[in-house]
Amino acid sequence: MVSPTAIVFDLDGTLIDSRGDIVAAVNHALEVTGRAPLPGQVIVRYVGDGARALVARAARLPESSEDVEVLLRHFLAYYERHPLDFTRWMPDAQEMIERLSDLGDLSLCVCTNKPRSTTDAVLAALGVRGRFHAVVAGGDIAEKKPSPAPLLHLAEHLGVPPRRMVMVGDGPQDVECARRAGVRSIAVLGGFGSHQELLDARPDVLLHTMGELWDVLRRWRDATVRISAVR
């Protein structure tokens, strides 16, 4: 085991509860294109694979449809204007980011399938963009989670081997992305992924809240120190 030097967070459902703003933006896109709005609990089931997949599922269209492009433009334009109407931090997430930032020897990053424009809008509105050494958003590279490509891109950018990174997320996409990249995975309940979905994804660690992350990272760091001392 090696001590992690980079902690990579998913955004929606992991650091922030963005359900309300996502639902509002999707229903805006549906209504301005002449479609009926959907209940929030239906829309949130479509979250996780990027904005194009989200609006396509909401409109019951294939992602390749030209109508999806129109829906996507309306969704993004609305979301960029309303990044924080309903969004709040997930429990303990803000405190954990601040606590980890204070350590000084960890690179904190974001890896999300959320589009770059809305990712930047949300992080700026929260006032935390400067907390993160790097951000990889949907569309920045050709592939999205669960492909390992976003995490491998981050590893190369940071100059950190994947085995020294940790992916923290709330969905099976995060866990699979980490596994395929050779990165340790920590799943957190309470976001968009259900308990059973996360169990089936088999993360290295499953947390009930973000507040438990500190102890996990401390144990990993302490174990590395003990192993080094024995050697």
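This is a short chat about a predicted model, its sheet and a few of its residues.

Trainee: What kind of structure am I looking at, predicted or not predicted?
Mentor: The model is predicted.

Trainee: Okay, the sheet. What is the order of its strands?
Mentor: The order is E5-E4-E1-E6-E7-E8. That makes an open sheet of six strands, with parallel pairing.

Trainee: Which strands are the edge strands?
Mentor: They are strand E5, residues 134–138, and strand E8, residues 205–207. Each of them pairs on one side only.

Trainee: And how much is the twist from one strand to the next?
Mentor: It averages 20°.

Trainee: What holds paired strands together in general?
Mentor: Strands of a sheet pair through backbone hydrogen bonds, either parallel or antiparallel.

Trainee: Take E6 and E7. How many bridges join them?
Mentor: Four bridges. E6 covers residues 165–169 and E7 covers residues 184–188, and the two run parallel.

Trainee: Which residue in E7 is the bridge partner of Val168?
Mentor: Ile186.

Trainee: Which strands does helix H7 lie across?
Mentor: H7, residues 149–158, lies across E1, E4, E5 and E6. It runs at about 145° to E4.

Trainee: Now Ser107. Where is it found?
Mentor: Ser107 is in strand E4, which spans residues 107–115.

Trainee: Is Ser107 buried or exposed, and why?
Mentor: Buried, because its relative accessibility is 16% and the cut-off for buried is under 20%.

Trainee: What does Ser107 touch?
Mentor: Leaving out residues up to four places away in sequence, Ser107 touches Thr5, Ala6, Ile7, His133 and Leu158.

Trainee: New topic: the backbone. What is usual for phi and peptide bonds?
Mentor: Most residues other than glycine have a negative phi, and most peptide bonds are trans.

Trainee: Which residues does a cis peptide bond join here?
Mentor: Lys145 and Pro146, with omega about 20°. Pro146 sits in the loop between E5 and H7.

Trainee: What about phi of Asp92?
Mentor: Phi of Asp92 is near 70°, which is positive, and Asp92 is not a glycine. Look for Asp92 in the loop between strand E3, residues 88–89, and helix H5, residues 93–103.

Trainee: What is the relative accessible area of Asp92?
Mentor: It is 35%, so Asp92 is partly exposed.

Trainee: And Arg202, what is its phi?
Mentor: Arg202 has a positive phi of about 60°, although it is not a glycine. Arg202 is in the loop between helix H9, residues 195–201, and E8.

Trainee: Is Arg202 buried or exposed?
Mentor: Arg202 is exposed, because its relative accessible area is 58% and exposed means over 50%.

Terms used. Residues are numbered from 1 along each chain as its sequence is written. This is a predicted model: local features need pLDDT of at least 70, side-chain atom pairs count only at pLDDT 80 or more; totals for chains, interfaces and linings use all residues. Side-chain values use heavy atoms; hydrogens and water are left out. Buried means under 20% relative accessible area, exposed over 50%, partly exposed in between (1.4 Å probe, protein chains only). Contact means heavy atoms within 4.5 Å. Two strands pair if DSSP finds at least two bridges between them. Axes are lines fitted to C-alpha atoms, for helices over the stretch in contact, and angles run from 0 to 180 degrees between N-to-C directions.
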